[in-house]
Amino acid sequence: MSLSVGIIGLGEVAQLMHLPLLADDTRFTISAISDVSNELMEYIGDRYGVAKGYAAASDLIADRSLDAIFILTPDHLHADLLSEAMQAGKHVFIEKPVCLNKHQIPVLLEEQKHCSGVVFVGYMRRYSRSFLALKDRMPDLANIRHVRIRDIIREASYFTRQTRPVVRGADVPQEIIKEGQQRTSAMLREIMGEDASEDQLRAYQVLTGLSSHSFSAMRDLLGMPKAVSYAKQHGGETVMVLFDYGHFTALYEAVISDIAEFDAGIEVLTQHERYQVTYDTPYIRNLPTQLSITRSTDEQTTKEVIGPSYEDPFQIELDAFYKAIKDGEFYETTLTDAANDLALFADVGQKFLNNNWLNSVV
C-alpha cells in the first residue's frame with residue numbers, strides 16, 4: 001500500500017525534483033496539493049492527476065487521509081507549517097533550511113517530543129553516492145591537515161531555462177508577496193540585528209540556502225567545529241568562512257556569479273592523501289558525481305576513482321524517507337541534526353557584522 005502524500009508549495013524544487021520522483025514511485029501517491037497560486041494548483045493538478053487542491057495549507061495538513069506532508073514552500077513559512085504538521089501527527093519531509101533562524105528551533109524540538117511521525121530534513125547532497133562513499137572511506141580526524149568546501153555556482157534559472165522550465169503562477173496577490181518579504185526580513189534581522197546592511201542580510205540568506213548543504217555535509221564528516229574563526233562577505237553573494245577544528249581548519253567558499261558553471265565539492269587532505277567529492281547542478285537530474293582519492297608515497301602516486309554515479313540523490317533521499325516511515329530505519333537528517341546548522345548560521349552571521357581578523361581570532 002502506498003503512502004498518501006500532500007505537497008505544500010509547488011515552485012521550483014517541487015516541479016523539478018519532488019513531483020516527478022513521487023509520481024514515478026509506486027510507494028507514494030500524490031493525493032493533495034496546496035499553493036498560494038490557484039493557477040499553479042490547476043496546472044499541477046492536471047499534470048499529475050491530483051484531485052484535491054487546497055488554497056490554505058492548514059486545510060491540507062488537516063486532511064486525515066494524508067500520511068505524509070512535503071513542505072516545499074519559501075523558507076519563512078517552514079517553521080509554522082512544520083509545527084502545524086507535527087501537531088497533526090503527520091510524517092513530514094521538509095526542505096532545508098528547516099527554518100530561518102535559531103530562535104525558532106527550541107519550540108519545534110519541544111513539539112517534536114509529542115509527535116510520533118518522522119521529521120525528515122531535505123539535505124540531498126548527504127545522500128549522494130559519492131558523499132556516502134567518502135563517509136565510508138574517511139581518514140581518522142587526527143590525520144586530517146586541511147578541509148576545503150566550496151560552492152562556486154550560477155543560479156538555477158540559467159540551467160532550467162534550457163532544460164525544464166519552471167511554471168510560475170501569475171495570480172499571487174501582492175499583499176501575500178509583501179507579507180512574505182516582511183516576515184523574511186524580520187526573521188533575518190532577529191539574528192543579524194536592525195543595523196545589518198542589505199548585503200549582510202543577503203549573505204545570511206546564502207548561508208541558509210546554498211551553504212546549508214555544505215555545512216550539513218561538513219558536520220556529517222567532521223562533527224561540529226570548535227568555533228567559527230573568521231567569516232567575511234562581499235556584496236552578499238561572495239562568502240568565506242574559516243571553521244576551527246583544533247589541529248586543522250575547514251575553509252568554506254561560496255560565490256554566486258553569472259559564470260555558467262556549477263563547481264561544488266569537498267576536499268579532505270592528510271599528509272599523504274587527498275579525498276575529493278564533486279557535485280554538479282542538481283537542477284539537471286542525474287548528472288554524475290564521483291569521489292577521487294589520490295595517495296602518495298616516496299616512490300609513487302596512485303589515484304582511485306569511485307564513480308561516476310548517475311543515481312539521483314533526491315531519489316536516494318526519498319528512499320530513506322520511505323524506509324524511516326515504513327520500516328523505522330535510522331536516518332541522520334533529523335530536526336535535531338538541522339538545529340546545528342542554524343547555530344552555525346548565527347555564528348557566521350555575527351562574524352559578518354564584526355569581521356576584523358584580529359578580533360575574530362583572539
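**View 1. Strand 9 and strand 10 run antiparallel, held together by seven bridges.** This predicted model gives a good look at the pair, with strand 10 covering residues 249–257. Pick V241 as a landmark: its bridge partner in strand 10 is Y252. The two strands make a hairpin, and four residues sit between them. In that turn, G246 has a positive phi of about 90°.

**View 2. Strand 8 pairs with strand 9, again in the antiparallel sense.** Here residues 227–234 form strand 8 and residues 238–244 form strand 9, with seven bridges between the two. Two of the bridge pairs are handy for finding your way around: K232 goes with M240, and Q233 goes with V239. What separates strand 8 from strand 9 in this hairpin? Three residues do, and G235 in the turn carries a positive phi of about 65°. If you're tracing side chains here, keep in mind that in a regular strand they alternate between the two faces of the sheet.

**View 3. R125 sits in a loop but is buried.** The loop in question links strand 6 (119–122) to helix 6 (129–137). R125 has a relative accessible area of 5%, so it falls under the 20% cut-off for buried. Which residues touch R125, leaving aside neighbours within four places in sequence? They are F131, D151, L210, H213, S214, F262, A264 and Y279. For a long-range reference point, take L291: it is 166 residues from R125 in sequence, with 13 Å between the two C-alpha atoms.

**View 4. S128 is in the loop between strand 6 and helix 6.** Is S128 buried or exposed? It counts as buried, because its relative accessibility is 2%, under the 20% limit. Setting aside neighbours within four places in sequence, S128 contacts Y279, T289 and P313. Y279 also turns up in the contact list of R125.

**View 5. Two cis peptide bonds, each leading into a proline.** One of them joins K96 and P97, with omega at about -10°. P97 belongs to the loop between strand 5 (91–95) and helix 5 (105–112). The other runs from G307 to P308, and its omega is near 10°. Where does P308 lie? It is in strand 14, which covers residues 301–309. For context, most peptide bonds are trans.

**View 6. N286 shows a positive phi without being a glycine.** The value is near 70°. Most residues other than glycine have a negative phi. N286 is in the loop between strand 12 (273–279) and strand 13 (289–296). With a relative accessible area of 38%, N286 is partly exposed.

**View 7. Zooming out to the whole protein, there are twelve helices and 14 strands.** The C-alpha trace spans about 65 × 45 × 45 Å along its principal axes. The radius of gyration is 21 Å, which agrees with the value near 21 Å for a compact globule of 362 residues. Of those residues, 53% count as buried. Among contacts with a separation of 6 or more, 70% come from residues 24 or more positions apart. The protein exposes about 16400 Å², and carbon and sulfur atoms supply 47% of that area. On the charge side, there are 34 positive and 51 negative side chains, with the centres of the two sets 3 Å apart.

Definitions and conventions
Residues are numbered from 1 along each chain as its sequence is written. This is a predicted model: local features need pLDDT of at least 70, side-chain atom pairs count only at pLDDT 80 or more; totals for chains, interfaces and linings use all residues. Side-chain values use heavy atoms; hydrogens and water are left out. Two strands pair if DSSP finds at least two bridges between them. The radius of gyration is taken over C-alpha atoms; the globule rule is 2.2 Å times the number of residues to the power 0.38. Buried means under 20% relative accessible area, exposed over 50%, partly exposed in between (1.4 Å probe, protein chains only). Contact means heavy atoms within 4.5 Å. Accessible areas come from the Shrake-Rupley method with a 1.4 Å probe; for residues, only the protein chains shown count as cover. Lys and Arg count as positive and Asp and Glu as negative; His and the chain ends are not counted. The place of a charge is taken as NZ of Lys, CZ of Arg, CG of Asp or CD of Glu.
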